[in-house]
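User: I would like to learn how the descriptive words used for a protein model are justified. Could we take them one at a time, setting each value against its definition?

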Amino acid sequence: TYSQSATVIDASTLAADRRNLRLFPRKRLEAEVIRDASLSASGLLEDKMFGPPVRPPQPAMQATNYTRAKWVASKGSDRYRRSLYTYQKRTEPFAMFTTFDAGSGESCIAQRSPSNTPLQALTLMNDPMFLEIAAAYGRRMKAVEGAFRTKASAGFRWLITRPPTGKEIAMLQAFHSKHRDWTALSRVLLCLDES
């Protein structure tokens, strides 16, 4: 389907793929959007505008080429501000942004070159920032009144913006029954390709 038009040519084409699944573009969101969408789904996103840059949590870093400064995560709600406000320094890039193909800040980039690597999945599963996000997201789902289906459907919509299918709910229910942990469930949702 590469570079095909989404324009319906005839009725048989529409009947064969009514939901446009064969032409669905597989393009990952940019690093900043992934972080902000995850924060939003978890209820942690701080939308305060303006002010100095902030430092979200990230894995402990080795000394960089030109400085021995340590990354000290911002306190309180500042650590959850939109990615636009994340501290940037060419010699000390924010690790998550680098992993998800963000520019280094050394020059303007007209278009990013997206990649899909195992390191991206590992970041979503193990980065301290995403562990905090997953815990808050799990607590937010658990707090929804109702049965598991209601809670999981709400969490699914917060992140993916569509209702889950019956098969997806069944898989989430089986996972939750096995692990009994909302944080683990939210980590699964955060790592979905569709997320």
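User: Which residues in α6 meet which residues in α7?

Analyst: On the α6 side they are Phe148, Arg149, Ala152, Ser153 and Phe156, and they meet Gly166, Glu168, Ile169, Leu172, Gln173 and His176 in α7; to meet here is to be in contact, with heavy atoms within 4.5 Å. Please keep in mind that this is a predicted model, in which local features need pLDDT of at least 70 and side-chain atom pairs count only at pLDDT 80 or more, while totals for chains, interfaces and linings use all residues. Residues are numbered from 1 along each chain as its sequence is written, and side-chain values use heavy atoms, with hydrogens and water left out.

User: What makes α6 and α7 roughly perpendicular to each other?

Analyst: Their axes, which are lines fitted to C-alpha atoms over the stretch in contact, with angles running from 0 to 180 degrees between N-to-C directions, come within 10 Å and cross at roughly 110 degrees. Angles under 35 degrees count as roughly parallel, over 145 as roughly antiparallel, 65 to 115 as roughly perpendicular and the rest as oblique, and α6 and α7 are therefore roughly perpendicular. Their crossing is also right-handed, a word used if the near helix is turned clockwise from the far one by less than a right angle, whereas anticlockwise would be left-handed.

User: How do you know that α5 is roughly perpendicular to α8?

Analyst: The angle between α5 and α8 is about 115 degrees, and their axes are 7 Å apart. That angle makes α5 roughly perpendicular to α8, and α5 passes α8 in a right-handed crossing. Among the residues that meet here are Tyr137 and Met141 in α5 and Leu189 and Leu190 in α8.

User: How many helices and strands does the protein have, and what makes a run count as one?

Analyst: There are eight helices and zero strands. Both are DSSP runs numbered from the N terminus, where a helix is H or I over at least four residues and a strand is E over at least two.

User: How do you know that the span of α6 agrees with its 13 residues?

Analyst: The expected span of a helix is 1.5 Å times one less than its number of residues. For the 13 residues of α6 this comes to 18 Å, and the end C-alpha atoms are 18 Å apart, so the two agree.

User: Why is serine 38 called buried?

Analyst: Buried means under 20% relative accessible area, exposed means over 50%, and partly exposed lies in between (1.4 Å probe, protein chains only). Serine 38 has a relative accessible area of 4%, so it is buried. This residue is found in helix α2 and touches Phe130, Ile133, Leu159 and Leu190, not counting residues up to four places away in sequence. The C-alpha atoms of serine 38 and isoleucine 133 are separated by 6.9 Å, although these residues are 95 apart along the chain.

User: Why are aspartate 101 and threonine 161 put in opposite classes, buried or exposed?

Analyst: Aspartate 101 has a relative accessible area of 19%, so it is buried, whereas threonine 161 stands at 61% and therefore counts as exposed. Aspartate 101 lies in the loop between α3 and α4, and threonine 161 is found in the loop between α6 and α7. The phi of aspartate 101 is near 70 degrees, a positive value in a residue other than glycine, and threonine 161 has a positive phi of about 70 degrees, again without being a glycine. As background, most residues other than glycine have a negative phi.

User: What makes a group of residues a nonpolar core, and which residues have the most contacts inside the largest one?

Analyst: A nonpolar core is a set of buried Ala, Val, Leu, Ile, Met, Phe, Trp, Tyr and Cys residues joined through side-chain atoms within 4.5 Å. The largest here has 29 residues, and those with the most contacts inside it are Met96, Phe130, Tyr137, Leu159, Leu172 and Leu189. Its largest share, six residues, comes from α5. Leucine 189, leaving aside neighbours within four places in sequence, is in contact with Tyr137, Met141, Phe156, Leu159, Leu172 and Ser195.
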